[in-house]
Amino acid sequence: MFLPTNEKQFVFWKMRRSGMQNISIANELGITRQGVSQALRTMDRKIDASLREMAQANRIQIKNIDAERGILSGWSVPFRTSAYIFVSEKHGMQVWYEHEGDCGSCDEYTKCIEFIWDLASELGISIEKVQDPTEMADELLAKIREDQV
């Protein structure tokens with residue numbers, strides 16, 4: 001299943017993830033609260049299914065799924081480390097494996113920093129912007145884990 005980011009329901013989902021209440025979404029878009037609730041339930045099911053499919057494709061054993069925030073946490077069987085799958089408005093679905101990288105010599109350095117910073121912003125999580133993507137990711141993941149408890 002692909003993630004339907006171009007659907008109106010995804011707009012509702014992004015608004016809720018940013019902290020808006022259903023009634024505020026309804027008022028802003030000129031629809032009923034019940035219509036928003038129905039759309040969000042549908043989108044949550046689609047996001048849950050997409051996260052599960054991505055986990056299966058990447059051989060990640062699922063520990064927790066938060067469809068409302070677009071986060072799956074689990075264990076990567078092939079890499080033997082914690083793994084996360086995120087739904088990002090800007091970056092689509094992304095898999096992140098906990099690891100200690102040599103970020104300074106990696107070709108993906110800039111992309112990693114941008115992704116981590118964008119995801120933290122989308123989730124409404126404040127992190128310190130530093131030069132080490134691993135450090136930023138560790139801080140972000142720690143805050144995500146705190147929210148899951």
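Biologist: Which residue in β2 does Asn64 stand opposite?

Modeller: Asn64 faces Ser73 there. Bear in mind that this is a predicted model. The two strands involved are β1, residues 60-66, and β2, residues 71-76, and they pair in the antiparallel sense over six bridges.

Biologist: How many residues sit between the strands of that hairpin, and which one takes a positive phi?

Modeller: Four residues lie between β1 and β2, and Gly70 is the one with a positive phi, near 75°. You can find positive phi values beside helices here too. Gly19, which follows α1, has one near 115°, and Arg59, just after α3, has one of about 55°.

Biologist: Let's pick a residue from a strand. Where is Ile62, and what does it touch?

Modeller: Ile62 belongs to strand β1. Leaving out residues up to four places away in sequence, Ile62 touches Arg52, Ala55, Leu72, Ser73 and Gly74. As for exposure, anything between 20% and 50% relative accessible area counts as partly exposed. Ile62 has 37%, so it is partly exposed. You can also check a distance: the C-alpha atoms of Ile62 and Ser88 are 19 Å apart, with 26 residues separating the two along the chain.

Biologist: Okay, now cores. Which residues have the most contacts inside the largest nonpolar core?

Modeller: General idea to begin with: in soluble globular proteins, nonpolar side chains tend to be buried together. In this model the largest nonpolar core has 21 residues, and Trp13, Ile47, Leu51, Ile85 and Val87 have the most contacts inside it. The elements giving two or more residues to this core are α1 (8-17), α2 (22-29), α3 (33-57) and β3 (81-88). The most comes from α3, with seven residues. Apart from this core lies another one, of 18 residues, including Phe86, Trp96, Ile113 and Ile116.

Biologist: What is Ile47 in contact with, once its neighbours within four places in sequence are left aside?

Modeller: Ile47 is in contact with Leu3, Trp13, Ala67, Gly70 and Val87. Notice Gly70 in that list; you met Gly70 in the hairpin of β1 and β2.

Biologist: How do I read a whole helix, say α1? How many of its residues are buried?

Modeller: Count the buried residues, then look at what covers them. Seven of the 10 residues of α1 are buried, so α1 is largely enclosed by the rest of the structure. They are Gln9, Phe10, Phe12, Trp13, Met15, Arg16 and Arg17. Their cover includes α2, α3, β3 and α4 (109-123).

Biologist: And α3: what span should its 25 residues have?

Modeller: Reckon 1.5 Å a residue, and α3 should span 36 Å; the C-alpha atoms at its ends are 36 Å apart, which agrees. Buried residues of α3 include Val36, Leu40, Met43, Ile47 and Leu51, along with Asp44 and Lys46. Among the elements covering the buried residues of α3 are α1, α2, β1, β2, β3 and β4 (92-97).

Biologist: Last one: what volume does the largest cavity have, and which residues line it?

Modeller: Rolling a probe the size of a water molecule over the atoms shows where empty space is left. This structure holds one cavity of 30 Å³ or more, and the largest cavity has a volume of about 40 Å³. Its lining is made of Phe86, Trp96, Phe115, Ile116, Leu119, Ala137, Leu140 and Leu141. Both α4 and α5 (133-148) supply at least two residues of that lining. You may recognise Phe86, Trp96 and Ile116 from the core of 18 residues.

Note on methods: Residues are numbered from 1 along each chain as its sequence is written. This is a predicted model: local features need pLDDT of at least 70, side-chain atom pairs count only at pLDDT 80 or more; totals for chains, interfaces and linings use all residues. Side-chain values use heavy atoms; hydrogens and water are left out. A nonpolar core is a set of buried Ala, Val, Leu, Ile, Met, Phe, Trp, Tyr and Cys residues joined through side-chain atoms within 4.5 Å. Buried means under 20% relative accessible area, exposed over 50%, partly exposed in between (1.4 Å probe, protein chains only). Contact means heavy atoms within 4.5 Å. Two strands pair if DSSP finds at least two bridges between them. The expected span of a helix is 1.5 Å times one less than its number of residues. On a 1 Å grid over the protein atoms alone, a cavity is a set of points where a 1.4 Å probe fits but cannot get out, and a pocket is an open set with protein on both sides within 12 Å along at least five of seven lines; lining residues have an atom within 4 Å of a point. Grid points are joined across faces, edges and corners, and a volume is the space filled by probe spheres set on the points.
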